[in-house]
Amino acid sequence: MRAGEARSNRQILSRAERLYERRWALTLMEQVLRRLKDEYCTAGNAALFDSLKQLLPDEPGAPSRAEIASQLGMTDNALRQAFHRFRQRYQLLLREEISHTVAIASDIEDELRHLIAVLRT
């Protein structure tokens, strides 16, 4: 095998690894959102979940926080508090899901940082 072929094979493998990791990260995030939605639906708050989800980054065409508060009949402060709780629960569930993929609990934060790095690329 020539040097050019070896470099090309490493590049293909590197792209495949990045694609695999990105798919893993997105699947993990979807699982967490699904669990969070199930919790909100069980508590009778499906509409609140759908509204709060729109406040997450990268939600296309998301209404403003004021618009969402108005739609839900909430004050801006009440919506801000609800979103804070939403994000806290999301983070807890994300760490819980990650804990299933690591051997020891002390690796959770490293894996979380890796997940964020994968999603940023």
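Biologist: Which residues do the ring pairs link into a cluster?

Modeller: Y40, F49, F83 and F86. Keep in mind that this is a predicted model. The count of aromatic pairs comes to four.

Biologist: What makes Y40 and F86 an edge-to-face pair?

Modeller: Their ring centres sit 5.7 Å apart and the planes make an angle of 65°. Rings pair if the centres lie within 6.5 Å, and planes over 60 degrees apart count as edge-to-face, so both tests are passed.

Biologist: Why do you say that this pair ties together parts that are apart in sequence?

Modeller: Because Y40 belongs to helix 1 (residues 3-42) while F86 belongs to helix 4 (residues 76-99), with the two positions 46 residues apart in sequence. Both residues are buried, too.

Biologist: And why is the pair of F49 and F86 called tilted?

Modeller: Here the centres are 5.7 Å apart, but the planes stand at 50°. Stacked needs under 30 degrees and edge-to-face needs over 60, so 50° leaves tilted. This pair also links distant parts of the chain: F49 is in helix 2 (residues 46-53) and F86 in helix 4, 37 residues apart.

Biologist: How do you know that F49 counts as buried?

Modeller: Its relative accessibility is 2%, and buried means under 20%, so F49 qualifies. F86 is at 0%, so F86 counts as buried by that cut-off as well.

Biologist: What about R23, buried or exposed?

Modeller: Exposed: R23 has 55% relative accessibility, and the cut-off is over 50%, so that settles the label. R23 is found in helix 1. From R23 to V118 the C-alpha distance is 9.5 Å, although they are 95 residues apart in sequence.

Biologist: Back to the inside, then. Which residues have the most contacts inside the largest nonpolar core?

Modeller: L36, Y40, L52, F86, L94 and I98, in a core of 26 residues. Two or more residues come from each of helix 1, helix 2, helix 3 (65-72), helix 4 and helix 5 (108-120). Helix 4 provides the largest share, eight residues.

Biologist: Take L94 from that list. What is L94 in contact with, leaving aside neighbours within four places in sequence?

Modeller: L94 is in contact with L28, M29, V32, L112 and L115.

Definitions and conventions:
Residues numbered from 1 in each chain as written. Predicted model: local features only at pLDDT ≥ 70, side-chain atom pairs only at ≥ 80, totals over all residues. Heavy atoms only, no water. Phe/Tyr/Trp six-rings, centres within 6.5 Å; stacked < 30°, edge-to-face > 60°. Helix = DSSP H or I, 4+ residues; strand = E, 2+ residues; numbered from the N terminus. Buried < 20%, exposed > 50% of the residue type's maximum accessible area, 1.4 Å probe, protein only. Core = buried A, V, L, I, M, F, W, Y, C linked by side-chain atoms within 4.5 Å. Contact = heavy atoms within 4.5 Å.
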